[in-house]
Each structure stands twice: as structure tokens, then as C-alpha cells.
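Got your viewer open? Load the model, switch to cartoon view, and let's walk through it one selection at a time.

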Amino acid sequence: MNNAVEAQGLVKRYGSTTALGGIDLEVPTGTVIGVLGPNGAGKTTAVRILTTLTDPDEGHATVAGFDVGTHGHEVRRRIGLAAQDATVDPLLTGRENLVMLGELHQLRRRDAVARAAELLDAFSLGDAADRRTSGYSGGMRRRLDLAATLVGRPEVLFLDEPTTGLDPRGRSELWTVIDTLVGTGTTVMLTTQYLEEAERLADDIILIDHGRIIARGDARKLKRQVGGDQVSVVVVEPAHLAEATRIIASITGSEPNVDAGARSVTAPTTLGVETLVLAAKEFTEAQIAVDDMSLRQPTLDEVFLTLTGSTADDAEESK
Ligand SMILES: Nc1ncnc2c1ncn2[C@@H]1O[C@H](COP(=O)(O)OP(=O)(O)O)[C@@H](O)[C@H]1O
Ligand SMILES: [Mg+2]
């Protein structure tokens with residue numbers, strides 16, 4: 001089987017809301033796909049259809065080689081799902097949660113205990129294993145959630161926003177765990193609102209907005225589409241904003257975004273570090289004092305603005 005997930009023309013409506021407006025997917029076995037999109041884009045809806053929790057209104061999909069509509073039972077035996085809301089029982093310890101799940105997966109008690117110990121260890125939960133999960137930190141609970149999805153050794157794993165709500169440290173710990181998991185050859189579909197997360201973890205990224213795929217490719221390709229990096233300059237004197245805007249526009253050849261409150265001018269640039277060299281020179285010559293000057297990768301918001309902005313009329317028409 002070449003594709004662990006295949007979907008054609010998935011449509012899902014809730015009343016007058018079109019949660020999914022026709023999604024096609026192909027996820028090669030053993031790869032990680034990142035489904036990237038803002039709140040309300042349709043990420044959870046897609047995951048719910050592929051994990052047989054809800055039926056599409058149109059289209060069809062196979063997961064691990066089985067049709068989600070007609071062979072839900074076969075699909076469910078082969079997948080793991082870490083839903084957006086934690087699913088572990090707060091009154092049980094981490095170990096009790098995993099052993100219970102193992103027994104639900106028809107493991108014998110002894111095997112369930114061994115599997116639990118192995119997973120607790122792999123997810124750095126050994127020390128907390130015998131404490132109730134109600135006392136776990138957010139990051140620990142997410143790690144236990146992930147461990148729980150692996151009890152049944154799934155072929156395809158669905159992670160719905162696994163790091164949303166975590167602090168940077170918790171997020172980076174979880175990334176390490178997901179890396180390990182990916183190394184085992186499991187196919188993973190991961191949804192996220194963070195471009196950085198998709199870039200770090202996914203082989204391929206699908207960008208969705210309003211239930212439609214608006215771009216796909218690896219992170220480099222997506223960023224190229226938005227024109228590389230973003231240069232940002234903060235001036236000391238608000239009176240210098242207009243001149244600063246003119247300078248940045250002339251260097252980058254693109255139209256800057258001005259934030260008067262933050263005294264900042266931001267614009268996409270394809271010149272890399274050269275942008276900063278040129279800007280420093282021109283600001284010095286114009287005797288404009290600068291508080292901060294930086295070059296960074298675009299945020300998801302900026303990717304969206306660029307990708308949806310250019311096709312706003314088409315998107316409007318197809319509604
Ligand atoms: N059970 C539901 N009933 C009504 N509307 C829903 C339901 N589930 C999702 N939606 C709507 O469908 C759209 C997509 O939601 P969702 O798939 O949860 O997005 P995401 O996970 O990307 O934030 C949103 O507009 C949401 O309000
Ligand atoms: Mg969601």
C-alpha cells in the first residue's frame with residue numbers, strides 16, 4: 001500500500017457553514033503530513049472524518065487501505081488519535097491509564113503492563129507514572145495522550161493540534177517525542193496552527209483555510225511563495241515612519257506594512273541578509289535612528305495574507 005491516507009472531494013457542512021469544501025489528500029505510507037490552518041479552517045473536521053468519528057456529506061476516503069465509510073471497524077483497529085481535548089482519565093495514574101487502554105486493545109494484563117512501562121519510559125513519564133494525571137502539567141498530559149494513542153501500535157496516527165496551549169518548553173519537549181515516533185515509520189497526520197511546527201515535523205504541508213486547500217508543498221516552497229523573509233524596522237521617532245517606509249519599499253520592491261503604534265515597518269524581502277546591510281546604510285545616511293532591525297521567516301499569518309490575499313476575489317466568488 002503506497003498511500004496510508006487517500007481522500008477525494010471531502011465535503012462536510014454544518015447548517016450553512018461549509019466546514020470542508022472539497023478536500024483531496026494523498027499521504028504516502030511512512031511520511032508525516034502537516035495540516036496547517038487557522039482556527040475554524042476545518043482541520044478537526046478532516047481528522048474526524050478520517051478517524052470515522054463523522055461521515056462526510058460528499059467524497060470518500062481510505063485510511064490504512066480501508067474505506068472509512070464502509071470499513072470503519074478495520075480503520076479504527078489500525079489508527080491512533082490524539083484529539084484536541086485530552087482523553088486520559090484524571091482520576092487514574094499515568095500507568096493505570098495506559099494499562100487500561102492496553103486491556104481495551106485486547107492485550108493480556110501482563111502484556112498491557114509491559115507496554116505501559118515501555119511507553120511511560122519513552123515519553124519521559126517514568127517518574128510521574130504512579131501519580132494521578134490530574135496533577136500533571138499540560139505538557140505531561142499531552143505526552144501521556146500521545147503515549148495512549150500508541151498502545152495499540154497504530155499504522156496511522158492522527159495528532160490534532162498536539163502542542164496548542166503548551167508553553168515553548170512543553171512544545172519543544174513534545175516535538176522531540178514526535179520526532180522519535182516518526183522515526184519508527186508510523187504515518188502521521190498532524191494538524192497545527194504553527195508554521196514552525198509544521199516545518200519542524202512534517203515532510204509535506206497542506207495549508208487549509210475555510211475548508212479548502214490553498215497551497216501544498218514543503219515549508220521552503222510555501223515560504224518561497226510568500227517571497228522569502230520578512231524585514232522589520234522599528235524607528236525611534238514616529239515622525240520618521242514615512243521616510244522609513246519609503247526606504248524599505250525601495251530596497252525590497254514590495255509594499256510595506258506600517259504599524260504606527262509600534263513605530264514599525266515590515267515588508268517581505270527576497271534579498272536575505274543583504275536587506276539589512278542596505279537598510280542600515282540608508283538609515284544611517286538619512287540620519288534616522290532605529291530601535292530594532294530584524295530579518296525573520298514569515299509567520300503563518302503572513303503566509304496566509306499573501307496566499308489568500310492574491311486570490312481573495314476567487315475565494316469570494318466560490319462561496
Ligand atoms: N459539530 C459542529 N457543529 C457546527 N459547526 C461545526 C461543528 N464542528 C465544526 N464546525 C464548524 O466548522 C468549521 C471548521 O471547524 P473545525 O474543523 O473545528 O476547524 P479547526 O479544527 O481547523 O479549528 C468551523 O466554522 C466550525 O465552527
Ligand atoms: Mg480543531
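Start at ligand 1 and colour helix 1: this helix gives three residues to the shell around the ligand, the largest share. Keep in mind as you click that this is a predicted model.

Next, select the whole shell. Around ligand 1 you'll find Tyr-14, Thr-17, Ala-19 and Gly-37, then Asn-39, Gly-40, Ala-41, Gly-42, Lys-43, Thr-44 and Thr-45. Highlight strand 2 (17–28) alongside helix 1 (43–50), since each of these supplies at least two shell residues. Colour the shell by class and you get seven polar residues, three nonpolar and one charged.

Now jump to helix 3, residues 94–104. Show the buried positions here: Gly-94, Arg-95, Asn-97, Leu-98, Val-99, Leu-101 and Gly-102. What do the buried residues of helix 3 pack against? Add helix 4 (109–122) and helix 5 to the view, and you have both partners. Before moving on, click Gln-106, just after helix 3: its phi is positive, about 70 degrees.

Last stop: keep helix 5 (138–150) and bring in helix 6 (168–183). Their axes come within 9 Å and cross at roughly 20 degrees, so the two helices run roughly parallel to each other. The crossing of helix 5 and helix 6 is right-handed. For the contact itself, select Gly-138, Gly-139, Arg-142, Arg-143 and Leu-146 on helix 5, which meet Gly-170, Glu-173, Leu-174 and Val-177 on helix 6. By class, that contact splits into three nonpolar, three polar and three charged residues.

Conventions: Residues numbered from 1 in each chain as written. Chains lettered and ligands numbered in written order. Predicted model: local features only at pLDDT ≥ 70, side-chain atom pairs only at ≥ 80, totals over all residues. Axes fitted to C-alpha atoms, helices over the stretch in contact; angles between N-to-C directions. Helix = DSSP H or I, 4+ residues; strand = E, 2+ residues; numbered from the N terminus. Parallel < 35°, antiparallel > 145°, perpendicular 65-115°, else oblique. Left-handed = near helix turned anticlockwise from the far one by under 90°. Contact = placed C-beta atoms within 7 Å. Nonpolar A, V, L, I, M, F, W, Y, C, P; charged D, E, K, R; others polar. Near = placed C-beta within 6 Å. Buried ≥ 20, exposed ≤ 12 C-beta atoms within 10 Å, placed from the backbone.
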